[in-house]
Amino acid sequence: MSISKILVVDDDVTFCLMLETLLRKHDYEVVHSYSFAEGRKKLKDFNPDIVLTDLRLPDHDGLEILQLVKRDAPAVPVILMTSYGDIRTAVRAMKMGAFDYVTKPVNPDEILSTVQRAVNTRNKAATEVNLRVSDESYIEGISEASVKILEHTTLVAPTGMSVLIMGESGTGKEFVARRIHALSQRSDKPFVAIDCGALPRDLAGSELFGHMKGAFTGAIADKQGQFEVANGGTIFLDEIGNLSYDIQIQLLRAIQERKIRRVGSTVEIQVDVRIITATNEDLKQAVSRGDFREDLYHRINEFAIQVAPLRDRPEDMLMFARHFLAQANKELLRDVDDFAPDVMQVFRNYSWPGNLRELRNIIKRAVLLSKGPVITAGTLPDELTAEAEANTIDQPALIRPVNENPVEDIDLRETSRRSERELIIATLEKVRFNKSKAAKMLNVDRKTLYNKMKQYGIPLQ
C-alpha cells in the first residue's frame with residue numbers, strides 16, 4: 001500500500017515540526033504550511049490524502065481550509081486541531097463535513113489513532129462520490145443560517161417528505177433541492193427542475209402531465225410530461241406560487257393519488273415522484289387571498305427550509321466569492337488568484353438584492369475585466385461601489401458607541417435596561433454590524449437581537 005500523504009496547516013512552527021516528526025516516524029509523508037494562503041497552494045501541489053488544520057490561522061479561518069477541501073477534493077478527510085475554547089466551533093465544523101477534531105495540547109496516541117481512522121476512511125471511499133458535495137455548483141457556508149440548512153437537508157433527505165424551500169430570488173433554492181435529492185434514496189433516479197414562472201398558462205398542464213396527439217392545436221404527437229420523466233426520482237417545482245388555480249388542482253391530485261392524466265387522455269398513469277417546491281413569496285398570504293389552494297399548501301409543506309439572503313450571511317461572503325471566482329476562471333479560461341481587500345469590503349457593505357446569483361455574475365464580470373492576478377475595485381460596477389460607499393459612510397452616523405472597549409461576552413439578559421441599548425450599539429460597532437457575531441457575543445439569538453434593535457430604534461442596515 002502506498003504511503004499516505006498528510007498536509008498540516010498551523011502557524012505554530014514548533015508544533016508543526018513536532019507533529020511532522022511524529023507522523024514521519026509512523027511512515028506518513030508530511031508537508032506543512034503556516035498560513036491559509038500557503039496551505040491553499042499546497043492543497044493543489046501536494047495533493048494530500050489527509051489534511052490536519054488548526055482552526056485559528058493568521059490570515060484566514062481554518063474552516064476555509066475545510067471548505068476548499070470539500071470543494072476540490074471531497075474524498076479527503078479533514079481533521080481540525082483546536083483549543084478547548086473552540087470546541088463548539090469544531091463541533092459545528094463536524095456538521096459541515098470535517099472528519100474529526102482533536103484538542104491542543106495534542107496527545108500523540110490520540111492524533112495517531114484519528115489519522116489512522118481517517119486513512120482507513122479515505123481508502124474505503126477513494127472510488128466513491130461524496131454525496132455531501134455531489135453537485136459541484138453547490139458550496140456550503142459557515143454561518144449559522146448555512147449550518148442550519150445543512151442540518152435540515154441532511155435530516156429530511158432520506159425521508160419521503162415533501163419539502164418547501166423558501167427564500168428570496170437568487171439565494172440558491174434549486175441547489176438546496178439538488179442537495180436533498182443527492183442525499184436521498186432516489187439519488188440514482190432523475191432530478192427534474194421546472195420553473196413554474198416560465199410556464200405559459202395554456203401549456204402548463206401539458207408540460208407537467210403530458211398530452212395526447214390532437215389534444216389541442218399544435219399537439220402533433222404524444223408527449224410525456226415532466227412527472228413521467230421524473231418517475232422514480234424527484235421533481236422540483238420552482239416558484240410554485242405562479243401556477244394557475246386549475247393546474248394546482250391537478251397537481252394536488254397527482255400528489256395525493258400518485259397518478260396523472262395526460263391532456264386529452266382518459267387513461268391514468270401511475271407515477272412515483274418526490275415533490276420539492278420553492279417560492280420567493282409568502283404562500284400563506286397567497287392562501288389568504290385565495291390565489292393558492294390551502295390543501296395544496298399543506299401537501300407541499302410537510303417540511304419547510306428557509307434560505308437566508310446573502311446580506312444576512314456575511315460570514316459566508318468570502319467562501320462564496322472564492323467559489324464563484326474558481327468557476328469564472330474555468331469558464332473564461334482565466335487565472336485570477338484572489339480579491340483585493342477593498343473589494344471584499346465593498347462586498348460586505350453592499351446589500352446584494354440579487355443574492356448569490358448577483359454575486360456570481362459580478363465576479364464573472366470582474367474576472368473578465370481583470371488585467372492582473374487580483375480583482376480590484378475598478379472592475380466592479382459603479383452602482384455597486386456607490387451603494388457600498390454610502391453604507392460605509394452612513395453606518396458611523398447612525399449611532400455613537402458610548403464605550404469604545406465593551407466588555408467581552410457580557411450576557412445581554414443580565415444587563416440593565418438602561419444600558420442595554422448602549423451595549424448593543426457598542427457590540428455592533430465592534431463586529432462591523434455583523435449581527436450573527438453580535439448576537440453570539442451578547443448571548444442571545446438573532447431574532448432576539450433584531451427585536452431589541454427595533455425596540456431601541458437601532459437601524460437594521
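Let me start with strand 1, residues 5-9, which runs parallel to strand 2 and is joined to strand 2 by five bridges; please keep in mind throughout that this is a predicted model. If you want one pair to find on the screen, take V9, whose bridge partner in strand 2 is S33.

Those two strands belong to an open sheet of five strands, with parallel pairing and the order 2-1-3-4-5. Strand 2, at 29-33, and strand 5, at 100-103, stand at the edges, where each has a single partner strand, so one side of each is left without a neighbour in the sheet. From one strand to the next, the twist averages 20°.

Now for the helices that lie across this sheet. Helix 1, residues 13-25, lies across strand 1, strand 2, strand 3 at 50-54 and strand 4 at 78-82, and helix 1 runs at about 170° to strand 2. Helix 2, residues 36-46, lies across strand 1, strand 2 and strand 3, and its angle to strand 2 is about 150°.

Let me turn, finally, to a pair of helices later in the chain. Helix 6, residues 144-156, packs with helix 7, residues 173-182, at an angle of about 40°, and their axes are 8 Å apart. These two helices are therefore oblique to each other, and their crossing is right-handed. Which residues of helix 6 and helix 7 meet? On the helix 6 side they are I149, L150, T153 and V156, and these meet V176, R179 and I180 in helix 7. Sorted by class, that contact has five nonpolar residues, one polar residue and one charged residue.

Terms used. Residues numbered from 1 in each chain as written. Predicted model: local features only at pLDDT ≥ 70, side-chain atom pairs only at ≥ 80, totals over all residues. Heavy atoms only, no water. Axes fitted to C-alpha atoms, helices over the stretch in contact; angles between N-to-C directions. Helix = DSSP H or I, 4+ residues; strand = E, 2+ residues; numbered from the N terminus. Parallel < 35°, antiparallel > 145°, perpendicular 65-115°, else oblique. Left-handed = near helix turned anticlockwise from the far one by under 90°. Contact = heavy atoms within 4.5 Å. Nonpolar A, V, L, I, M, F, W, Y, C, P; charged D, E, K, R; others polar. Pairing = 2+ DSSP bridges.
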